There are 2 protein chains.
Amino acid sequence: MESTRAKIITAAVRCFRDNPSDTLEKVAEEAGVSRRTLHRYFENREDLIESCKNEMLVSCNKAMILAYESDPGPIIKIRNMLFAAIEQGANYAFVKRIYERSNFSDLEMKKEFESDDVKSKWFNLIKELQKAERINPELTIPWIFNLFGSIIETAIYAFESGDVAKNDSRNFAWISFKGAIGLKE
Amino acid sequence: MESTRAKIITAAVRCFRDNPSDTLEKVAEEAGVSRRTLHRYFENREDLIESCKNEMLVSCNKAMILAYESDPGPIIKIRNMLFAAIEQGANYAFVKRIYERSNFSDLEMKKEFESDDVKSKWFNLIKELQKAERINPELTIPWIFNLFGSIIETAIYAFESGDVAKNDSRNFAWISFKGAIGLKE
DNA sequence: GTAATATGTCACATATTTGAGACATATTTC
DNA sequence: GAAATATGTCTCAAATATGTGACATATTAC
């Protein structure tokens, strides 16, 4: 049975992803608890948002590290990271939304992304593929990074909306990302 | 000189794109007018949002139709539609956000998309390319449709954030979209 | 079954946002 | 330059959102 705190965070992530100013009443309702209870767990809106950020980052980073370590080859590493992110669903989409308006070099400064070095691992994988001329040299790494996130988000939304079955969304995402960066396998 | 009404709508689109509940004070500030003035032009928040929806749809649809009519070939049509959407910038991104949570078949029912038949034109172009076996047959049209929107949005955000120069974002978007759907030219 | 803990309902004070009247000031029109 | 129009500032009432105490009720632990 999921804890009340976890239920609230899950609901908050879902609500705040699309509307950062959604009412706490709405979040509580989405969580299936009363607003009074929500306030018992979180001091205020800011506390709730920070908690969501922290937990979602930890969760996504963890999944991505596992995916990274799941195979020695760079291509499978990237593929598994893509799948791991899609599996995170709303979590990943929430994190993406938070950071959407930051540019690539700003992100490099943020501690959140250095904590587990997910981004630098990902960065090095792409660099490796570029060096080996296995992907399109015209595309910059910032572009590829943003595209990676967008395709994941597309897969998450396609599944959530009912347009695409879960397995299909994973496969389509991989096919599309590969093609988009001109990856030669 | 841009009219006050237009300034407010532009500002609202920018604000509401990322936060549908942003305060009207914020929108007014973004527009460079007082909130009192904003209230003179728009009855209430709902009126403002509806106006934004209508105007952005008209603007985007118009640009897309022009792009569609700019060349007889299906591939250049699609390319130009992609570029036209990127050129719309915040307008397109706003429209995309509004409809993000609708699935493909729901969108087919909405009059907004039937008004100028942009979507059906786009749909038929992709269908044509599928039939001619010029794109990857594994990918479904709903997936391709959503991906098209995501890549456009990626280009818009990449440019806005400063990661990618304007011309580069256009070119990267086209290269990536082509590759993603396996388009053979 | 009892005690401890968790949650919901209710009420309320406070904070924030909204909508609009009144009037001053700025800008545009002729 | 005068008149008309547009906008800003200020104020205030109403609406909405937030945070929390009190107490009842439900659930869990022993």
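**Group meeting talk: two chains on two DNA strands**

Let me start at the DNA. Around DNA strand C, α3 of chain A, together with α2 (24-31) and α3 of chain B, each give at least two residues to the nearby surface. One caution before I go on: this is a predicted model.

Stay with DNA strand C. How many residues surround it? The count is 18. The closest are T4(A), T37(A), R40(A), Y41(A) and R45(B). Now look at the DNA side. Of the atoms of DNA strand C that come within 4 Å of the protein, sugar and phosphate account for 44%. By class, the surface near this strand has 3 nonpolar, 7 polar and 8 charged residues.

Here are some individual contacts. S34(A) uses a backbone N or O atom, 2.9 Å from a phosphate oxygen of DNA strand C. L24(B) also places a backbone N or O atom by a phosphate oxygen of DNA strand C, at 3.0 Å. R36(B) goes to a base instead. An N or O atom in its side chain is 2.9 Å from a base oxygen of DNA strand C.

Next, DNA strand D. Here 17 residues surround the strand. R45(A), T4(B), T37(B), R40(B) and Y41(B) are the closest. Sugar and phosphate make up 40% of the atoms of DNA strand D that come within 4 Å of the protein. The nearby surface splits into 3 nonpolar, 7 polar and 7 charged residues.

Which part of DNA strand D does R35(A) approach? A base nitrogen, with a polar side-chain atom of R35(A) at 2.6 Å. Chain B goes to phosphate. A polar backbone atom of S34(B) is 2.9 Å from a phosphate oxygen of DNA strand D. For T37(B), a side-chain N or O atom is 2.6 Å from a phosphate oxygen of that strand. Which elements give two or more residues to this surface? They are α3 (35-41) of chain A and α3 (35-41) of chain B.

Now step back to chain A as a whole. It has 11 helices and 0 strands. So what is its overall shape? A compact globule of 185 residues would have a radius of gyration near 16 Å, and chain A, at 18 Å, agrees with that. Its C-alpha atoms fill a box of roughly 55 × 35 × 30 Å along the principal axes. Buried residues make up 52% of the chain. Take the contacts in chain A with a separation of 6 or more: 65% of them join residues 24 or more positions apart. The accessible surface is about 8700 Å², and 48% of that belongs to carbon and sulfur atoms.

Two residues to finish. First, S169(B). It sits in helix α11 (residues 166-181) of chain B. Is S169(B) buried or exposed? Its relative accessibility is 1%, so it counts as buried. Its side chain reaches the backbone oxygen of K166(B) at 2.9 Å. Beyond its neighbours within four places in sequence, S169(B) contacts W143(A), I86(B), A155(B), F159(B) and V164(B). One of those, W143(A), comes from chain A.

Second, K166(A), in helix α11 (residues 166-181) of chain A. With 33% relative accessibility, K166(A) counts as partly exposed. Leaving out residues up to four places away, K166(A) touches E87(A) and F159(A). K166(A) and I86(A) are 80 residues apart in sequence. In space, their C-alpha atoms are 9.4 Å apart.

Technical notes: Residues numbered from 1 in each chain as written. Chains lettered and ligands numbered in written order. Predicted model: local features only at pLDDT ≥ 70, side-chain atom pairs only at ≥ 80, totals over all residues. Heavy atoms only, no water. Near = heavy atom within 4 Å. Polar contact = N/O pair within 3.5 Å; in protein donor to acceptor, adjacent residues only side chain to side chain. Helix = DSSP H or I, 4+ residues; strand = E, 2+ residues; numbered from the N terminus. Nonpolar A, V, L, I, M, F, W, Y, C, P; charged D, E, K, R; others polar. Rg over C-alpha atoms; globule rule 2.2 N^0.38 Å. Buried < 20%, exposed > 50% of the residue type's maximum accessible area, 1.4 Å probe, protein only. Contact = heavy atoms within 4.5 Å. Areas by Shrake-Rupley, 256 points an atom, 1.4 Å probe, with all protein chains shown as cover.
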